[in-house]
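Please load the model in a viewer and follow the selections below in order. Each stop names what to select and then describes what is found there.

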Amino acid sequence: MSTVPSSTEGSAPDALPGRRRAGLRTTLVALLVVTVAVVCLALGLLTHASLSNQLDAELDAQLQRAADRAVGREQLQDAGPTEAPDPHGPPSGEGPDSGEFELTARGERGGGSGGTLDSAVWRDQDGEVRELPAADLRELEGVMAEAERAGAAPVSLSLGTYRVVVRPVDQGAVVVTGLPTDSLRSTLLRLDLTLLAAGAVALAVTGIGGSLIIRRTLRPLEGVADLASDVARTPLGSGTVSIDGRVPVEHSTPGTEVGTSAGL
């Protein structure tokens, strides 16, 4: 009686050398985290842009009201000393834009060069009127032409960053009015830090929660994969082979991917 030599054609091939590929679970978790990160980034950029536009519009509205008050004071001053209020006195009106840190400068239009300023004052948080340093006065003169052309212009002063407008009064005289923008930028910075922290928490929750959910979801498929590996390691060419492994019944639900694989 002749014997049939064992064949290795049906055995599983050895793993090819090279870089190991990430498993399905790792790939799905990574894709989930990347998707959430992209969504958080898009929402953060949209929120930042929306709030920035709203704050800029509110600052411009406050700046226009401050400029109207400054022009009104100048016109009353020109009308006569008995009717004119103190130009450096408290501005009229109530509310958050009623003068705190408000800057007012007076001078003359100088054609293409913007103009020259004679004096400038600003009001601190205690309501005290203070003279603006000469260096800041020169900075204001440097942006007058841009402010007239664009309607408003930013300028960096020793007090901080301001947004200024130039309004004509009469006979070539102009009034420069400005409001600080540092508080606006601080608000946007706090928003960005809050969104960054919220995004980090969302990514952490997504990574941990997604990993647990995906692990539980893929558990039946991992059982099928383990059974397939056992079958692949069985020497199918050595004769009659008995395979006792079966996919658990609870994982063999008809109509599902695992159930279909188990029925093959």
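Select strand β2 (residues 115–123) together with β3: the two run antiparallel and are joined by three bridges. Within this pairing, display Arg123, whose bridge partner in β3 is Val129. This is a predicted model.

Next, extend the selection to the whole sheet. It is open and has six strands in the order β3-β2-β1-β6-β5-β4, with antiparallel pairing. Colour β3 (129–131) and β4 (153–157) separately: these strands stand at the edges, and each has a single partner strand, so one side of each is left without a neighbour in the sheet. From one strand to the next, the twist averages 30°.

Move now to the edge formed by β4. Strand β5 (residues 160–168) runs antiparallel to β4, and five bridges join the two. They form a hairpin, with two residues between the strands. Select Ala153 and find Val164 of β5 opposite. Which residues make up the covered face of β4? They are Ala153, Val155 and Leu157, whereas Pro154 and Ser156 belong to the uncovered face.

Finally, leave the sheet for the second largest pocket, which has a volume of about 290 Å³. Its lining comprises 14 residues, of which Cys40, Leu41, Gly44, Leu195 and Leu196 are the closest to the centre. Show helices α1 (24–79) and α3 (182–233) here, as these are the elements that give two or more residues to the lining. Colouring the lining by residue class gives 10 nonpolar residues, three polar and one charged.

Methods. Residues are numbered from 1 along each chain as its sequence is written. This is a predicted model: local features need pLDDT of at least 70, side-chain atom pairs count only at pLDDT 80 or more; totals for chains, interfaces and linings use all residues. Side-chain values use heavy atoms; hydrogens and water are left out. Two strands pair if DSSP finds at least two bridges between them. Helices (H or I, at least four residues) and strands (E, at least two) are DSSP runs, numbered from the N terminus. Axes are lines fitted to C-alpha atoms, for helices over the stretch in contact, and angles run from 0 to 180 degrees between N-to-C directions. On a 1 Å grid over the protein atoms alone, a cavity is a set of points where a 1.4 Å probe fits but cannot get out, and a pocket is an open set with protein on both sides within 12 Å along at least five of seven lines; lining residues have an atom within 4 Å of a point. Grid points are joined across faces, edges and corners, and a volume is the space filled by probe spheres set on the points. Ala, Val, Leu, Ile, Met, Phe, Trp, Tyr, Cys and Pro count as nonpolar, Asp, Glu, Lys and Arg as charged, and the others, Gly among them, as polar. Buried means under 20% relative accessible area, exposed over 50%, partly exposed in between (1.4 Å probe, protein chains only).
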